[in-house]
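Here is a short briefing for a reader who is new to this structure. Take a look at the sequence and the model before reading on.

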Amino acid sequence: WEFNGSFYQPSAFLMMGIPGLEALHHWISIPFFLLYFTALLGNGMILFIIKKTQSLHEPMYYLLSMLAVTDLGLALCTLPTTLGIFWFNIRRIGFDACLTQMYFIHILSLSESSVLLAMAFDRFIAISHPLRYPAILAKSTIIKIGLAIILRSVLSLLPLPFLLKRLTYCKKTELSHSFCFHPDIMNLACADIKVNVFYGMIILLSTVGMDFIFIVLSYILIIKTAISLATKDECLKTLNTCVSHICAVLIFFIPLIGLSMIHRFGKNIPPLVNTLVAYTYLIIPPALNPIIYSIKSSHIRGALLRALRKK
């Protein structure tokens with residue numbers, strides 16, 4: 001502990017695995033390892049295929065590449081601490097290291113939300129304005145979207161580590177997860193955390209919340225356009241191009257909203273529920289997204305099969 005008058009700051013935090021199941025951590029680590037392996041291999045394969053296949057150098061697949069990069073980042077951010085607990089019972093994480101991990105987890109989460117919004121916009125333009133699609137979403141536009149996503153995430157979340165560093169902490173240093181999460185760290189403080197709560201809510205609502213609203217609005221317009229098509233088959237074929245994206249949106253936003261609500265309002269919810277929702281939010285989307293897109297996209301599936309045949 002560092003002491004400076006009435007200011008206390010822990011030198012480290014203790015992370016938590018799955019509460020009540022500590023004796024089974026070695027067995028529990030097997031599905032977690034498989035999920036991480038799937039996330040790393042699947043997203044790496046998506047990036048490799050899109051880079052090597054000239055026919056996939058289109059706006060939709062450039063955005064899919066951005067999604068794969070954010071998923072890789074999320075998996076790599078939590079993999080060392082999660083498997084470190086399950087395999088070696090390494091629970092300790094330095095205070096500054098914890099803030100760094102938290103910052104990157106939140107940056108990547110916000111980036112994933114922004115990429116999903118950009119992909120919804122891509123689907124809307126492709127369906128509603130197909131003739132203008134190449135002009136509206138040119139390569140230069142995609143680059144600008146990518147830079148805007150990075151700047152938005154980095155700058156809007158920049159105050160978080162400093163807001164946590166100014167707080168005085170109690171002697172309780174045990175986190176609720178095997179990774180560092182802003183509300184989790186914030187709740188260990190003995191000081192007034194109203195600024196942290198207010199800023200966290202403002203950022204959540206103005207970024208992820210607005211992204212979700214605009215995604216829903218995009219799909220309302222997409223459905224309206226699809227219904228106006230001449231035949232039922234054309235309508236279904238049009239909507240089928242959005243299935244992968246809808247799945248990616250649902251598996252990202254549902255656990256995120258659940259985890260945010262639990263941390264702010266679910267004080268009486270069992271710790272096991274909190275832990276499972278957190279793992280669902282951070283591990284499931286990176287593992288499932290490449291599988292969903294590989295199954296639903298005939299172009300990616302074809303490119304993957306051609307790459308495997310060459311091997």
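Asp96 is partly exposed, because its relative accessible area is 48%. The model shown here is predicted. The points below start from Asp96 and its partner, then go through the other salt bridges, the pockets, some single residues and the aromatic rings.

**Salt bridges**

- Side chains of opposite charge can pair when their charged atoms come close.
- The whole structure holds four salt bridges.
- One of them joins the side chains of Asp96 and Lys165, with N to O at 2.6 Å. This pair links distant parts of the chain: Asp96 sits in helix 3 and Lys165 in helix 6 (residues 159–165), 69 residues apart.
- Lys165, like its partner, falls between the cut-offs for buried and exposed: under 20% is buried and over 50% is exposed. Its relative accessible area is 34%, so Lys165 is partly exposed.
- Arg152 pairs with Asp211, and their closest N and O atoms are 3.0 Å apart. Arg152 belongs to helix 5 (residues 139–157) and Asp211 to helix 8 (residues 194–227), so this salt bridge ties together parts that are 59 residues apart in sequence.
- Are the two partners buried or exposed? Arg152 is partly exposed, because its relative accessibility is 26%. Asp211 is buried, because its relative accessibility is 2%.
- Arg123 forms a salt bridge with Asp122, the closest N and O atoms being 3.0 Å apart. Both Arg123 and Asp122 are buried.

**Contacts of Asp211**

- Which residues does Asp211 touch, not counting residues up to four places away in sequence? The contacts are Ser113, Ser114, Leu117 and Arg152.
- Arg152 is thus both a contact of Asp211 and its salt-bridge partner.

**The largest pocket**

- Rolling a probe the size of a water molecule over the atoms shows where empty space is left.
- The largest pocket encloses about 640 Å³ of space.
- Its lining is made of 22 residues. Ser176, Asp184, Asn187, His263 and Asn274 lie nearest the centre of the largest pocket.
- Three helices each give at least two residues to this lining: helix 7 (182–186), helix 10 (243–265) and helix 11 (271–296).
- By class, 11 of the lining residues are nonpolar, six are polar and five are charged.

**The second largest pocket**

- The volume of the second largest pocket is about 400 Å³.
- Its lining has 15 residues. Nearest its centre are Met60, Tyr61, Arg123, Thr241 and His299.
- Arg123 therefore has two roles in this briefing, because it also pairs with Asp122 in a salt bridge and is buried.- Helix 2 (59–88), helix 3 (95–128), helix 11 and helix 12 (298–310) each supply at least two of the lining residues. Helix 3 gives the largest share, three residues.
- The lining divides into six nonpolar, six polar and three charged residues.

**Two single residues**

- Thr275 is found in helix 11. Its relative accessible area is 2%, so Thr275 is buried.
- Thr275 touches Gly17, Ile18, Pro19, Ser176 and His177, leaving aside residues up to four places away in sequence. Among these contacts is Ser176, one of the residues nearest the centre of the largest pocket.
- Cys170 lies in the loop between helix 6 and helix 7. Its relative accessible area is 26%, so Cys170 is partly exposed.
- Cys170 and Ile30 are 140 residues apart along the chain, and 35 Å separates their C-alpha atoms.

**Aromatic rings**

- A pair of aromatic rings is described by the distance of the centres and the angle of the planes.
- The count comes to 15 aromatic pairs.
- Phe33 and Trp87 form a tilted pair, 5.9 Å centre to centre with 40° between the planes. Phe33 lies in helix 1 (residues 25–52) and Trp87 in helix 2, so the pair ties together parts that are 54 residues apart in sequence.
- Phe33 counts as partly exposed, because its relative accessibility is 38%. Trp87 is partly exposed with a relative accessible area of 35%.
- Trp87 also pairs with Phe88, edge-to-face, at 6.2 Å centre to centre and 80° between the planes. Phe88 counts as exposed, because its relative accessibility is 59%.
- One aromatic cluster is formed by Phe179, Phe181, Phe212, Phe252, Phe253 and Tyr281.

Definitions and conventions
Residues numbered from 1 in each chain as written. Predicted model: local features only at pLDDT ≥ 70, side-chain atom pairs only at ≥ 80, totals over all residues. Heavy atoms only, no water. 1 Å grid on protein atoms, 1.4 Å probe; cavity = no way out; pocket = protein on both sides within 12 Å on 5 of 7 lines; lining within 4 Å. Points joined across faces, edges and corners; volume = space filled by probe spheres on them. Helix = DSSP H or I, 4+ residues; strand = E, 2+ residues; numbered from the N terminus. Nonpolar A, V, L, I, M, F, W, Y, C, P; charged D, E, K, R; others polar. Buried < 20%, exposed > 50% of the residue type's maximum accessible area, 1.4 Å probe, protein only. Contact = heavy atoms within 4.5 Å. Phe/Tyr/Trp six-rings, centres within 6.5 Å; stacked < 30°, edge-to-face > 60°.
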